[in-house]
Amino acid sequence: MTEIQRAQAVVVGGGLTGIAAAVAAAKAGLSTVHLAPKGPVDRRTSALMMPAVRYLQKAGLIAEPADVGHPLKQIRIIDATDRLLRAPETLFDSVEAGLPAFGWNFPNVKLTEAFGQASAQLPNLVTREVTLTGLAPGADGHLLTLSDGSQLIAELLVGADGKKSLVREEGDFRARENGFTQAALVCDLELGRPIGNCSVEFHYPQGPFTLVPAGGNRANLVWIDDRAVLDEARAAGNEALIETFLKKSMRLFGSIALATPTHVFPLSTLTVTEAGKNGIVLVGEAAHAFPPIGAQGLNLGLRDVADLAASLAGVDVGANGWALRLSDDYAARRAPDLARTTGIVDALFRSLLAEMLPAQALRAGGLWALKSMPGLRRQAFGMGMGNR
């Protein structure tokens, strides 16, 4: 009979948040197993705000941001609707926040490579390319059944296995999920004129059309609209699609060419009522998922990992029941941030879609206030970047 392997911590999920969590557990001194089955290459990019970038540097996951990504120094918002009450065009500059940049736009491929190099240097971290197929409580931990037929016992279990998390389901975490008719179309574009270091958001009735600088004349596109509209635009062929992109970007950047294929993702929100219990913690999209509004996503996942690292630093792993105490401490640390972010992102997304005059007035008035009041603008900078 095959002996069951034991580990102080097991991290489930091979994405960026999962790698970061596995590194955090191993750096805390825990014998750590990372279950990271190979998936398709992630060609997307992640716009990380400065708190997340600083955490990556502190954790040794990246060295210099300039070696990996492109700085985001300005955010330009253009109300492209024909509503009665339109918001003013607004430009936010990182100089006003006393920062060289709001954040950095990183290719996920390069982040994965950098994170992988960091994890490979930790002798107490073992990565296995297998999936979790079953989870049950054991006498001295969580009993995991893996896709290769082996079993593993973990004192602490970290679920970083995405929106369809098996750890969340088998760990009996309650989650609230809400789907939208909107979807997101993403791809890379080559522009006729450089976008510089400025992320440009064109706000349309069904969602924003956002161009994020990716160096030189390249930009990452995130277009949110009704799923049927996006599917129809793709089905019309690349020539018609480029013409749509030119119109939606108001032809501000000259010519446009596709640099990568387009992909469409459905949009939904998911939040758990608590992010940790019974020796299990959830990070990344296993705990929360939002539309790509307000640059959250991986930023929030890395805040999860930062709080996991803080909880690990404050617990005696030699004491009985340490994993239970850690999961409770982690849940308490994450609760305020998750509640705040959920409220802000949901309100922002719904306000962008709202047709009612009161909502239009609030949105337009809010941008007028941010445009004309430097103090309020600095507070908004801090909230948008995830400062706590």
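In which sense do β3 and strand β7 pair, and over how many bridges? Hello everyone, let's answer that together. What you see above is a predicted model, so please keep that in mind as we go. β3 and β7, which is residues 103–107, pair in the antiparallel sense, and 5 bridges link them. To put one pair of residues on that, look for serine 46: phenylalanine 106 in β7 stands opposite serine 46.

If you are new to sheets, here is a reminder. Backbone hydrogen bonds are what pair the strands of a sheet, and the pairing can be parallel or antiparallel.

Now let's widen the view. The sheet is an open one with 3 strands, in the order β3-β7-β4, and its pairing is antiparallel. Which strands stand at the edges? They are β3, residues 45–49, and β4, residues 70–72. Each has a single partner strand, so one side of each has no neighbour in the sheet. From one strand to the next, the twist averages 30°.

Next, the helices on this sheet. Helix α2, residues 50–58, packs on the sheet and touches β3 and β7. The direction of α2 makes about 95° with that of β3. Helix α3, residues 108–120, also lies across β3 and β7, and runs at about 90° to β7.

Let's stay with α2 for a moment. Which residues of α2 are buried? You can find Met50, Ala52, Val53, Tyr55 and Leu56 buried there. What do they pack against? The buried residues of α2 meet a whole group of elements: α1 (16–27), β3, β7, α3 and α7 (298–313). Just after α2 comes glycine 60, with a positive phi of about 75°.

Now for a pair of helices, α1 and α3. Their axes come within 10 Å and cross at roughly 20°. An angle under 35 degrees counts as roughly parallel, and α1 and α3 are therefore roughly parallel to each other. Their crossing is left-handed. And who meets whom? On the α1 side we have Leu16, Ile19, Ala20 and Val23, and they meet Asn108, Leu111, Thr112, Phe115 and Ser119 in α3. Sorted by class, this contact has 6 nonpolar and 3 polar residues, and no charged ones.

A general point helps when you look at such a contact. An α-helix has 3.6 residues a turn, so residues three or four places apart point the same way.

Let's move along the chain to a hairpin. Strand β9, residues 132–138, and strand β10, residues 141–146, run antiparallel and are joined by 6 bridges. The hairpin gets from β9 to β10 through 2 residues. If you want one bridge to look for, glycine 134 has threonine 145 in β10 as its partner.

My last stop is a loop. Most residues other than glycine have a negative phi. With that in mind, look at methionine 250, which is not a glycine, yet has a positive phi of about 55°. Where does methionine 250 lie? It lies in the loop between α6 (238–248) and β16 (256–258). Methionine 250 is partly exposed, its relative accessible area being 37%.

Arginine 251 is found in the loop between α6 and β16 as well. Phi of arginine 251 is near 55°, again positive in a residue other than glycine. Arginine 251 is partly exposed too, with a relative accessible area of 43%.

That is my tour; thanks for listening!

How values were computed
Residues numbered from 1 in each chain as written. Predicted model: local features only at pLDDT ≥ 70, side-chain atom pairs only at ≥ 80, totals over all residues. Heavy atoms only, no water. Pairing = 2+ DSSP bridges. Helix = DSSP H or I, 4+ residues; strand = E, 2+ residues; numbered from the N terminus. Axes fitted to C-alpha atoms, helices over the stretch in contact; angles between N-to-C directions. Contact = heavy atoms within 4.5 Å. Buried < 20%, exposed > 50% of the residue type's maximum accessible area, 1.4 Å probe, protein only. Parallel < 35°, antiparallel > 145°, perpendicular 65-115°, else oblique. Left-handed = near helix turned anticlockwise from the far one by under 90°. Nonpolar A, V, L, I, M, F, W, Y, C, P; charged D, E, K, R; others polar.
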